[in-house]
Amino acid sequence: MRIGYLECFSGISGDMLLGALVDAGVPLSHLTETASALDVGARLEARKVSRGGIAATKVDVLTSDGPASGHDHPHEEDSHEADAHEDHPHPTHSESGAHSHTHTHPHLHADSHEHTHEHETAQTHEHHRSLSVILGIIRSASLPDQVKQRATRAFQLLGEAEAAIHSIPVEEVHFHEVGAVDTIVDIVCAAAGAAFLGVDRWLASPLNVGSGTVNCAHGTLPVPAPATLALLGDAPVYAAGSPMERVTPTGATILRMLDVQYVPLPAMRIASSGYGAGGRETPGQPNLLRLLVGESEAATDATEPIAIVETVIDDSTPQLLAYVSELLLAAGAWDVYRVPVQMKKGRTGVQLTVLCRPELVPALRDLIFRETTTIGLHWRLENKSSLQREFVEVQTQWGPVKIKIARWPSGEVANAAPEYEDCRQLAAQHSVPLKQVMQQAARLYADVNANARKEC
């Protein structure tokens, strides 16, 4: 099983994760193409920096006017940029009462709420993006379905958290336009980078959320900010280092989007690692996020628990059930399938079966009750065994395709298959049959494998 482990010893923000992804091997061009596909007037720039003497990658979201001002705390603003490019309300951090550091949240608000700031112009104040508009931007972008599903879920979670805090309908939640650009790019590029790495399971250390207070349009509030706290849920948190906000709303949203589990570093073979940098140095606490990517060292014949959730529905349309299946997969289900069944009174129904981690049962159960007409379901725990998996990339005439490889305990290849999403995207982009892309990718992998055996 391929694992991505986030070591959040100095918190997490959107740009820190993008930097860690690039540092761990995700091509910057892949994220740049993702940002371009959103068509929101933003691009990415990456550079090497040093934090606490450790080399790391810093990724900035840029617009035609300069750095996007949605970067949501000192992780994400170099000190010399802090006041230069912000044209909408932004809160400030109070650190030990000595001085403040300007930063910007991916701030949402209801139209009925008034927000003012000396840097804000009337034009900026009038231009906002509603949640539905942002979801439309994601939906219309030329991106893999997995990326769009994850990003859509992320913004729904972010909107719901803010709506609950302000006791307003989620439809009334709006993003400041400039801040929304940055937040959209951070979240969607994070989803794209995670998909590129082919990680099956995301894990993280406990979160250093920071301490102190944050001054915003709603007043002086303790760290973590309300939206961050709502998004983190029951994640394990602590505070260390100088007072500042270390986990941002964007960072918390991405953790939820990836369905991160908080566990100690597991036994794994590390294939790559990366450091993502915040915007400035923080004395005594390197302003870094570390990402480790590798394969689980658990024995192949070892088992792990799997939850199976089932219900039978006889009064729903195929369109609704397909939609619910997509929601369940986006919410973290391993698999969802539907089987026609014969019910009492001669009715034909559909058995909906969901496979997931045991801890996801409450959330997926509630989703099924909310989105379908069923009034009852059952679930059980069983054991799951799986082969070790890894990914390699082949270069077809239309572009790169990842090959998923499953191995027996001996290391012998049990199965190898092209990734559907890679092939589907290339087929659509170049107007060629999907089967041709898949066949060429499989042939190229077979050729490489055959040559490797000859050399041995």
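Reader: In which hand does H9 pass H10 in their crossing, left-handed or right-handed?

Author: In this predicted model, local features need pLDDT of at least 70 and side-chain atom pairs pLDDT 80 or more, while totals for chains, interfaces and linings use all residues. Residues are numbered from 1 along each chain as its sequence is written, and side-chain values use heavy atoms, without hydrogens and water. A crossing is left-handed if the near helix is turned anticlockwise from the far one by less than a right angle, and right-handed if clockwise. By that rule, the crossing of H9 with H10 is right-handed.

Reader: How are H9 and H10 directed relative to each other?

Author: Helices (H or I, at least four residues) and strands (E, at least two) are DSSP runs numbered from the N terminus, and angles run from 0 to 180 degrees between N-to-C directions of axes fitted to C-alpha atoms, for helices over the stretch in contact. H9 and H10 pack at about 155 degrees, their axes 11 Å apart. Angles under 35 degrees count as roughly parallel, over 145 as roughly antiparallel, 65 to 115 as roughly perpendicular and the rest as oblique. The two helices are therefore roughly antiparallel.

Reader: Which strands does H10 lie across?

Author: Contact here means heavy atoms within 4.5 Å. Helix H10 covers residues 361-371, and runs at about 155 degrees to S22. The strands that H10 lies across are S20, S22 and S23.

Reader: Which strands are the edge strands of the open sheet?

Author: Two strands pair if DSSP finds at least two bridges between them. The 4 strands stand in the order S21-S22-S20-S23, with antiparallel pairing. Pairing on one side only are the edge strands, S21 and S23.
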